[in-house]
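The report below follows a chain through its charged pairs, its sheets, its nonpolar cores and its cysteines. The sequence and the structure come before the discussion.

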Amino acid sequence: MKWWQRLIGAAGKEPPSQSGTEAPLSENRAAISFEPVPKQVPTLAQQREWREKVLVYVGEVNDFGRRYAADPESMAEALEPACPALEHLAVAAVNAIRQANETGDIERLREEWPPAQEPLIPVLEKNGISIPTVCILSDQSVVVRVGTAYQPGRTFHLTENEARELPDPGYFGRSPCRRYFAYAREAGVEICEGWLGRSLAICSWPNGLEGIPSEYHAKSLEKVPTATRLVPFPDGRKVLLVAPEGVFLLHPDRAVRLLPTEEDIRLLFDYELKEGSLPQDLSVSLSMEHGAVSPDGKLIAAGNQDSKHHIFDAEGNLLAEVGPLMDYPHHALFAEDGSLIAFNSCHFYDGVTLAVPVHLLPGLSTKSYEEDERTPVLEDGSRVYAGAARGDEFVIGDASGVLRAFSTAGQKRWVQRIGSSTGAIDISADGRMLVASTYAGFVSFFRLDAGRQAPHQIGYGNHEEVCRWIFWKHEENPLRW
């Protein structure tokens, strides 16, 4: 399947992520020993070869995409332009980036060594690191969490020109209204007003027995859950916890299990007991767990690999169950005005995103794998890892490292390629800046509606990438590109 076919939404599977591995596999890299990129002085010939071949390739791919979009039928068998073999320049490129960061001449760096992903794959395989959380603050600066949620991480405060490491507050998340932040502490999840601001509450961690039917003797959790998403509510009084141990609604004095549902727990435990598990060994474990809170805090959208798309009210009562169109529910996202929920389900790198209008709640129920006119398809083809909403637009980041924007009616808007599997996306409150991270250790800043894009950008749209930060295992400091 050609990459540009995927850009304009043709059916079919996506190519492998440009880091060489799918995001979940990258979580195992810490156990492997890697060598840092050696230091050497890049030559003028290397710089010229890199610039010329990268820009020619970008031009060819974008031209191919325009021709395909204009006449996909006649281009169906056409060969997509091949990426030039530039891996031999990867070390030179990294050293050019290092030198420019020492001198501060980033503008010249981007001109002479335009950002590119494919030639750096050998370096990314050895040095890439996931960045699962990005948040744009009120002053347009950005805080990012570097490193998987399953291991100790690092937190940085970023602008386009500076990266400063902060004392690590732990895994964090922000409310839909942008006013509150939640932090994973040993004693519980702390809710603060503003970034590291006034503490409002500490919500107790679940013990793992919440929602377990009384006839089963499941194990309680031996340690606090591993938060993969934290979403404080707009009232600043409770938090949505998404974790492999379950999806919970946390209050200061109690935890309410949302997923797995009681019905799903019964099915799981009965199966495990039938297969010979001991009653005292019963436990819950989720994969592809995800969740979101509506802008007004009245609704919760959640799911996991083995569930349907679920919608709950603010107290955890189940309102609707929507059948996925592909095997595994994978992501949930509310429209900016809260009128619509986008649910994604996937299989390998393929995926489908459907829309659930909120006015159909409560009581909505649809069958799995069957399209329903009440829940129309918004986008066909992407396995969604991250998303954000702007006006009447959804922006999603997929497993192949592509940002796609489409309207709440499913109209395609724009596409930009950022490289490897998307880690997180955030859009500023004024809708003028987008920041996206990847599992290869990149954080890209985009100026939205700039009326242009940089020469190295693959895709279409009037949004300009103005900065790219690099966080790699063997670099002493973040690098700006």
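## A partly exposed charged pair

Arg-179 has a relative accessible area of 45%, which makes this residue partly exposed. The model under discussion is a predicted one, and in it the side chain of Arg-179 meets that of Glu-193 in a salt bridge, with an N to O distance of 2.7 Å. The two residues belong to distant parts of the chain, 14 residues apart, since Arg-179 sits in the loop between strand S5 (172-174) and strand S6 (180-184), while Glu-193 is in strand S7 (residues 189-193). Glu-193 is likewise partly exposed, its relative accessible area being 23%.

## Salt bridges across the chain

Over the whole structure, the search finds 27 salt bridges. One of them joins the side chains of Arg-98 and Glu-475, again at 2.7 Å from N to O. Because Arg-98 is part of helix H4 (residues 90-103) and Glu-475 is part of the loop between strand S29 (464-470) and strand S30 (479-480), this pair ties together parts that lie 377 residues apart in sequence. Are the two partners buried or exposed? Arg-98 counts as buried, with 10% relative accessibility, and Glu-475 also counts as buried, with 12%.

A further salt bridge is formed by the side chains of Arg-390 and Asp-449, at 2.8 Å from N to O. Arg-390 is located in strand S21 (residues 384-390) and Asp-449 in the loop between strand S27 (442-447) and strand S28 (459-460), so that parts 59 residues apart in sequence are tied together by this pair. Here the two partners fall into separate accessibility classes: Arg-390 counts as buried at 15% relative accessibility, whereas Asp-449 counts as exposed at 53%. Both residues also belong to a network of salt bridges that links Arg-390, Asp-392, Glu-393, Arg-413 and Asp-449.

## Two open antiparallel sheets

Four-stranded open sheets appear in two stretches of the chain discussed here. In one of these sheets, 4 strands follow the order S1-S2-S3-S4 with antiparallel pairing. Its edges are formed by strand S1 (133-136) and strand S4 (163-166), each of which pairs on one side only. On average, neighbouring strands of this sheet are turned by 25 degrees against each other when direction is ignored. Strand S1 is joined by 4 bridges to strand S2 (residues 142-146), the two running antiparallel, and within this pairing Val-143 in S2 is the bridge partner of Cys-135.

The other sheet is also open and antiparallel, with 4 strands in the order S9-S10-S11-S12. Strand S9 (229-232) and strand S12 (255-259) are its edge strands, each pairing on one side only, and the twist from one strand to the next averages 20 degrees. Within this sheet, strand S10 (residues 239-243) and strand S11 (residues 246-250) run antiparallel and are joined by 5 bridges; Ala-243 stands opposite Gly-246 in S11.

## Nonpolar cores

In soluble globular proteins, nonpolar side chains tend to be buried together. The largest nonpolar core of this model comprises 29 residues, and those with the most contacts inside it are Trp-50, Leu-109, Trp-113, Leu-120, Phe-442, Trp-472 and Trp-481. At least two residues of this core come from each of helix H3 (44-70), H4, helix H5 (106-112) and helix H6 (121-127), and H4 provides the largest share, 7 residues. Helix H4 is also the helix that holds Arg-98, the partner of Glu-475 described above.

With neighbours within four places in sequence left aside, Phe-442 is in contact with Gln-117, Leu-120, Leu-124, Ile-131, Ala-436, Ser-437, Arg-468, Trp-469, Ile-470, Trp-472 and Trp-481. A second core, separate from the largest one, has 20 residues, including Val-231, Leu-258, Leu-282 and Val-284.

## Cysteines without disulfides

How many disulfides does the structure hold? The number is 0. For Cys-203, the closest cysteine sulfur is that of Cys-192, and the 11 Å between the two sulfurs is too far for a bond. Cys-203 counts as buried, with 0% relative accessibility, and Cys-346 likewise counts as buried at 0%.

Notes
Residues are numbered from 1 along each chain as its sequence is written. This is a predicted model: local features need pLDDT of at least 70, side-chain atom pairs count only at pLDDT 80 or more; totals for chains, interfaces and linings use all residues. Side-chain values use heavy atoms; hydrogens and water are left out. A salt bridge is a side-chain nitrogen of Lys or Arg within 4 Å of a carboxyl oxygen of Asp or Glu. Buried means under 20% relative accessible area, exposed over 50%, partly exposed in between (1.4 Å probe, protein chains only). Two strands pair if DSSP finds at least two bridges between them. Axes are lines fitted to C-alpha atoms, for helices over the stretch in contact, and angles run from 0 to 180 degrees between N-to-C directions. A nonpolar core is a set of buried Ala, Val, Leu, Ile, Met, Phe, Trp, Tyr and Cys residues joined through side-chain atoms within 4.5 Å. Contact means heavy atoms within 4.5 Å. A disulfide is a pair of cysteine sulfur atoms within 2.5 Å.
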